[in-house]
Amino acid sequence: MSDDSRAMTEWVTAVRRELGLEDTVDTDALVDTVLDLTADVAHGVSRPAAPVTAYLLGLAAGRAGDLTVATNDFAGVVSRLAAGWDADSERGAPANDQAQRG
């Protein structure tokens, strides 16, 4: 395990403990999903949009019944939106029916 990987694992474990999230999600899957998502957003939209998007993903997943499934599903939706962000037809268009919910 690299020093960066070890530091990431220790950091995420400590943050999960401090926030009372030890039993909510698998750390390895969480890290991989969030890093993939933020890379997609950083390259497809802008670097500063990546951490804000990760925060929004967390908010959305927190409202769902199954955090792991929601995180993976929402990350996929957002990654697809970021991949098409340069296309005029996709810019700002909701990737699902979220905009229609009140």
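A residue counts as exposed when its relative accessible area is over 50%, and as buried when that area is under 20%. Keep these cut-offs at hand for the tour, which runs through a predicted model.

**Stop 1: the whole chain**

Show the protein as a cartoon. Four helices and zero strands appear, and the pattern read along the sequence is α-α-α-α. Colour by burial next: of the 102 residues, 23% count as buried.

**Stop 2: D86**

Select D86, which sits in the segment after α4. Is D86 buried or exposed? Its relative accessibility is 61%, and because the cut-off for exposed is over 50%, D86 counts as exposed. Now add V45 to the selection and draw a distance between the two C-alpha atoms. D86 and V45 are 41 residues apart along the chain, and their C-alpha atoms are separated by 7.9 Å.

**Stop 3: P51 in helix α3**

Move to helix α3, which spans residues 49–62. P51 has its place in this helix. With a relative accessible area of 53%, P51 is exposed. Add V41 for a second distance: the C-alpha atoms of P51 and V41 are separated by 9.0 Å, and the two residues are ten apart along the chain.

**Stop 4: a surface patch**

Stay with helix α3 and select V52, which is also placed there. Extend the selection to Y55, L56 and L59, and switch on the surface. Together with V52, these residues form a nonpolar patch on the surface. The accessible area of the four together is about 410 Å².

**Stop 5: the cavity**

Hide the surface and turn to the interior space. Rolling a probe the size of a water molecule over the atoms shows where empty space is left. How many cavities of 30 Å³ or more does the structure hold? There is one, and the largest cavity contains about 70 Å³ of space.

To display its walls, select V25, D26, A29, L30, T33, T68, T71 and N72, the residues that line the largest cavity. Which elements give two or more residues to this lining? They are α2 (27–44) and α4 (67–83). Finish by colouring the lining by class: three residues are nonpolar, four are polar and one is charged. The charged one is D26, because Asp counts as charged and the lining holds one charged residue.

Note on methods
Residues are numbered from 1 along each chain as its sequence is written. This is a predicted model: local features need pLDDT of at least 70, side-chain atom pairs count only at pLDDT 80 or more; totals for chains, interfaces and linings use all residues. Side-chain values use heavy atoms; hydrogens and water are left out. On a 1 Å grid over the protein atoms alone, a cavity is a set of points where a 1.4 Å probe fits but cannot get out, and a pocket is an open set with protein on both sides within 12 Å along at least five of seven lines; lining residues have an atom within 4 Å of a point. Grid points are joined across faces, edges and corners, and a volume is the space filled by probe spheres set on the points. Patches are made of residues with over 30% relative accessible area and no salt bridge: like charges are joined within 9 Å, nonpolar side chains (Val, Leu, Ile, Met, Phe, Trp, Tyr) within 5 Å. Accessible areas come from the Shrake-Rupley method with a 1.4 Å probe; for residues, only the protein chains shown count as cover. A salt bridge is a side-chain nitrogen of Lys or Arg within 4 Å of a carboxyl oxygen of Asp or Glu. Buried means under 20% relative accessible area, exposed over 50%, partly exposed in between (1.4 Å probe, protein chains only).
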